[in-house]
Amino acid sequence: MNTNLEKLELNKILKTLASYCITDRGKNLALHLSPSNAMQTVQTLLNETEEAVNLCYRNTTPNFYEIKPIEMELKNLESNLTLSCHSLLTLNQIFKLSYELKDYLNKDFLAISEYPILANLFHRLYANKNVIEQISSCLLDENTVEDKASPNLHSIRRKQRKLEQDIRDKLSTMIHSSHYAKYIQESIVTIRNDRFVIPVKEEARSQIKGFIHDISHAGSTVFIEPISIFDKNNELNQLKIEEEMEIEKILQQLTSLFVPYIEELKLDVELIGQLDFIFAKAKYSKAIKGITPQINPQKEIHLIHARHPLIAPEKVVPISVHLGHDFSTLLITGPNTGGKTVTLKTVGLLSCMACCGLNIPASENSSIYVFDHIFADIGDDQSISDSLSTFSSHMLNIVAIIQNATSDSLLLVDELGSGTDPIEGANLAISILDHFQKQGCLTIATTHYQELKQYALTTDGFENASVEFDVSTLTPTYKLLVGIPGKSNAFEISKNLGLKDEIITKAKSMMSSEQVNMEELLKNIYDNKAKIEKEKEEIETKLKKISELEKSLVHDNEALKRQEQDLINHAKLEARSILLNAKEEANEIIKEMHKLSSNDWKTADNLRNQFNKKIKDIRILNPETPIVSEPSYILSPNDIQPNKEVFVKTLGKNGTVLSHISKSNEVQVQIGALKMNVKISNLEKAHKDNPAIPQSKIQTSGYTSISKARTIKSEINVIGLNVEEAIFVVDKFLDDSSLAKLQTVRIVHGKGTGKLKNGIHQFLKGHPHVKSFRLGTYGEGEMGVTVVTLT
């Protein structure tokens, strides 16, 4: 796409985009980004940006870090040369970053199918975990090989350290001895020429036999290697040579790890840079609060509340522009510095950004057309050296546009026909715009000429627009009013500035009746349109209030239904609590009746069964039954993030999300000290005044699933009880376990004669809470334990 990028300031956008990149490759891609005129390419570029934005919201932004150039390392690998520690760590960093990026996408709460473009790029990254671990374990930093890099290196360095310590001990003994202490300049052991030496006074140099390696700057100290450690120093130097040879061998082995993956390294660098660039587009989109524009197959532009991205957010005034549907040429009039040129640049820049695959600062449902060229004649290109006037420079640009424009071009022309005789300039401007309109181009032009406003009013395919000006304050509002030709404010402005009335009156009298009528017509159109716009804003405000009132009524209605259901649930909970407490008392009484006759036992057992039947007849609201969410509490999956406070509908409580959404559409939620997995369909936005079951109500019943789950054990021991006693204990245990939502429990009855086990098994066969049971296996207690699965 050929376009005047500098005039539209796309280069500034690209510099800002590059600042969000981390890698040099990503920054280079950003700075050299240019608009495409292929519709499919633009759609793909926008899709990858949208995927990155969505992925950043679902996950975090991936962590990129700078990658050093590896051209030299790759050349050395291809030449079979050994790489340094620095080079090996540089290549290893690429594999590490590739591994981290692949892991970034491999999250169970991410549906890879939603990100086909990015998933393909992540999938093509190559990461060798074995190489990463070997390099990391062998190299400590850019200059140091780890001792454990090889057994031989470890052995050599161990000998070195021992020998160095022996030498230091021997020299330390020497310099602190009564015989040599008087010859020593300073009681230290130092190194010169990679050999251990001691500082000796110059006048005593002959008193210590050895080799002089250095003399101090003042000449008062000589550094002598005593002959007694000469052999040890030689041995130490030999170990250092062996160390260097072993390090070279290790580096050769580590270098060989990368040789098979030269092409993979090249590809990784390209892919990392590309991913860095794509996620920079996502970060820039967040910064400008951008949206992904639609690609319009028809030659139309629809920008809704579009904002110029280079103007500060607190100062920019949004504009809405529709071009190509009802008209192909938009003519904007208005005062200088009123926003006409900003409108041209906004439309042109946002079209260029979209064709670069960048999100644009506008409202949803905005759409652009992929033009083959975007031509912009904006600003004053007059040149003293080339003897070009303002008019000449503009006309040269217009000539170039006419020669190169096609029916699929967007033309942005500022102050068309200015800089020359007004009558000739106006007629020339009309002729040029008419040529563009017949050619099929989409054109936006600005002008001050009255003739152009009149032409647009009477010609099909043309539409007037103006930038609003507040005469009372003498300042522009920068609002774009489409369908309203700009009116002249010269007389009003002059009057407000203090110009005498007689001068203004005389100026008005010099206007022809046709000019006066035209100005009055424009004024009426402007005033009527402004009135309509004001009424439209009032209607929109009222509609918004009506919508909010409707939502409030729905909210209140749903709250009443919820309150009604809560009252029913509270009543059922209280009734169940009363019966359960009564059953506990009955069980305690019956437990003390073990000395009664068999007939009395049957009577007690019948009483217990009656209690069970009454408890089962009371049904509490099914925890799985969904409650219809109020509109104001509906929670989007994109809003469900860790640390987000939510309302759990099945429990009627607020809680805090601890995890991302899993593949089974569940998240972990913490309510108080309790953590549980909850389906996202059972979550709402947090309720400020929580209409949940009061905590005091919940805690009064010792049998609710929440409180019981904290105290109930999954095992009971009935060894030592007879069959009748054990059955009462087991029955209560199964009731408690069922209410606590336990799936499996263990009953320890021992092996013994088998009578207790058989009696319990007979009882379990007819128990309503028992789904199945079996004897324990090896490690579970075998014949002495029965494992019960609850319904």
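Helix α14 is followed by G440, whose phi is positive, near 95°. The model is predicted: local features need pLDDT of at least 70, side-chain atom pairs count only at pLDDT 80 or more, and totals for chains, interfaces and linings use all residues. Residues are numbered from 1 along each chain as its sequence is written, and side-chain values use heavy atoms, with hydrogens and water left out.

**Helix α14**

Helices (H or I, at least four residues) and strands (E, at least two) are DSSP runs, numbered from the N terminus. Helix α14 covers residues 422–439. The expected span of a helix is 1.5 Å times one less than its number of residues; for the 18 residues of α14 this gives 26 Å, and the end C-alpha atoms are 26 Å apart, which agrees. At the N-terminal end, D421 acts as the cap, with a side-chain oxygen 3.2 Å from the backbone nitrogen of I423. A polar contact is a pair of N or O atoms within 3.5 Å; within protein, one must be able to donate a hydrogen and the other to accept it, and residues adjacent in sequence count only if both atoms are side-chain atoms.

The buried residues of α14 are G425, A426, A429, I430, I432, L433, D434 and F436. Buried means under 20% relative accessible area, exposed over 50%, and partly exposed in between (1.4 Å probe, protein chains only). These buried residues pack against β11 (329–333), α13 (390–404), β14 (409–413), β15 (442–447), α15 (450–458) and β16 (462–470), where contact means heavy atoms within 4.5 Å.

**The sheet around β5**

Strands β4, β5, β7 and β6, in the order β4-β5-β7-β6, form an open sheet of four strands with antiparallel pairing. The edge strands are β4 and β6 (210–215), each of which pairs on one side only. From one strand to the next the twist averages 50°. Two strands pair if DSSP finds at least two bridges between them.

| Strand pair | Sense | Bridges |
|---|---|---|
| β4 (residues 190–192) and β5 | antiparallel | three |
| β5 and β7 (residues 221–226) | antiparallel | four |
| β19 (residues 653–657) and β20 | antiparallel | two |

Between β4 and β5, R192 has R195 as its bridge partner, and T190 stands opposite V197. Helix α9 (residues 151–175) packs on the sheet, touching β5 and β7, and its direction makes about 10° with that of β5. Helix α10 (residues 230–258) also packs on the sheet, touching β5, β6 and β7, with its direction at about 145° to that of β5. Axes are lines fitted to C-alpha atoms, for helices over the stretch in contact, and angles run from 0 to 180 degrees between N-to-C directions.

The hairpin of β4 and β5 has two residues between the strands, and in it N193 takes a positive phi near 55°. On the β7 side, P199 stands opposite F223. Six of the seven residues of β5 (residues 195–201) are buried, so this strand is largely enclosed by the rest of the structure.

**Strand β20**

In a regular strand the side chains alternate between the two faces of the sheet. Strand β20 (residues 666–671) shows alternation: V667, V669 and I671 point to one face and are buried, while E666, Q668 and Q670 point to the other and are not. V669 is the bridge partner of V657.

**Cysteines**

A disulfide is a pair of cysteine sulfur atoms within 2.5 Å, and a search of the whole structure finds zero. For C85, the nearest cysteine sulfur is that of C138, 10.0 Å away. C85 counts as buried because its relative accessibility is 8%, and C441 counts as buried at 0%.
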